[in-house]
Amino acid sequence: VTGADTGPVEENLVYKAARSVIRAAGITFGVRIHVVKRIPVRGGLGGGSSDAAATLTAINKLAAGVVPQHEIIQLAAGLGSDVPFFASGARMAVGWNRGERLFRLAPPPAAPCLLVVPNVGVSTPEAYADAFTSWGNVARLGGNDFEPVVFSKEPDVRTLFEKTAETNPLLVRMTGSGSTIVAIYRRDTDVDDAVMVLGERKHRLIRTRTVG
């Protein structure tokens with residue numbers, strides 16, 4: 001690897017990708033890989049993921065394409081959630097599960113852009129680990145794109161959401177495509193207070209707990 005320090009070779013996604021696709025191909029052969037890092041590392045730009053995807057595709061070509069594309073995508077998913085997108089060849093896609101399920105979309109017209117890269121890097125595994133250590137962090141990261149759609153058609157759901165948000169939960173969201181509202185609180189007594197505020201005239205309240 002040249003261009004940046006990416007740590008031990010055995011921990012590099014390219015190494016792991018090469019090992020996984022060679023095993024899947026069932027053919028004994030070796031490869032020599034030279035990675036030139038131009039995309040900033042630890043910048044959230046998918047440099048490592050795209051390197052891994054290119055490795056899966058290139059080595060499978062060397063093996064005469066014996067690994068079907070759907071298996072390549074599964075191998076990619078085992079390496080990281082961004083890798084299947086790069087391995088798919090799509091320019092834009094909606095992804096779900098761990099990224100291995102993709103719905104291709106036509107991209108918008110090309111447009112100029114600017115990448116502003118600070119002098120500090122962020123480890124993706126560490127960022128994910130830290131992001132979900134508290135409900136406050138989950139609330140800041142979480143969202144439901146169905147909310148504005150449903151709220152515009154069902155004003156009663158919007159009103160209930162807003163009223164629930166006023167009970168000081170750590171997180172409040174509409175679940176799935178609606179119409180249930182879920183709120184998470186610090187203490188059981190906070191739930192007691194919320195029940196008192198919300199009442200049960202036009203809706204039902206179900207007390208439960210998240211799985212720790």
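**Overall shape and a surface patch in a predicted model**

Let me begin with the overall dimensions: the protein chain has a radius of gyration of 23 Å, whereas a compact globule of 212 residues would have one near 17 Å. Please keep in mind throughout that what we are looking at is a predicted model. Along its principal axes, the C-alpha trace of the protein chain spans about 70 × 40 × 35 Å.

On confidence, the mean pLDDT of the protein chain is 90, and 100% of its residues reach 70 or more. Among the elements, the highest mean pLDDT, 97, belongs to helix H1, residues 13-25, while helix H5, residues 124-131, has the lowest, at 76.

Turning to secondary structure, the protein chain contains nine helices and four strands, and, read from the N terminus, these elements follow the order α-α-α-α-β-β-α-α-α-α-β-β-α.

As for packing, 27% of the 212 residues of the protein chain count as buried. If we take the contacts between residues at least 6 apart in sequence, 42% of them join residues that are at least 24 apart.

That brings me to the surface, where the protein chain exposes about 15,000 Å², with carbon and sulfur atoms supplying 54% of that area. Which residues make the nonpolar surface patch of about 430 Å²? The patch is made by Met92, Val94, Trp96, Phe103 and Leu105, and one of these residues, Phe103, can be placed in strand E2, which covers residues 101-104.

How values were computed. Residues are numbered from 1 along each chain as its sequence is written. This is a predicted model: local features need pLDDT of at least 70, side-chain atom pairs count only at pLDDT 80 or more; totals for chains, interfaces and linings use all residues. Side-chain values use heavy atoms; hydrogens and water are left out. Patches are made of residues with over 30% relative accessible area and no salt bridge: like charges are joined within 9 Å, nonpolar side chains (Val, Leu, Ile, Met, Phe, Trp, Tyr) within 5 Å. Accessible areas come from the Shrake-Rupley method with a 1.4 Å probe; for residues, only the protein chains shown count as cover. A salt bridge is a side-chain nitrogen of Lys or Arg within 4 Å of a carboxyl oxygen of Asp or Glu. Helices (H or I, at least four residues) and strands (E, at least two) are DSSP runs, numbered from the N terminus. The radius of gyration is taken over C-alpha atoms; the globule rule is 2.2 Å times the number of residues to the power 0.38. Buried means under 20% relative accessible area, exposed over 50%, partly exposed in between (1.4 Å probe, protein chains only). Contact means heavy atoms within 4.5 Å. pLDDT is the predictor's confidence in each residue, from 0 to 100.
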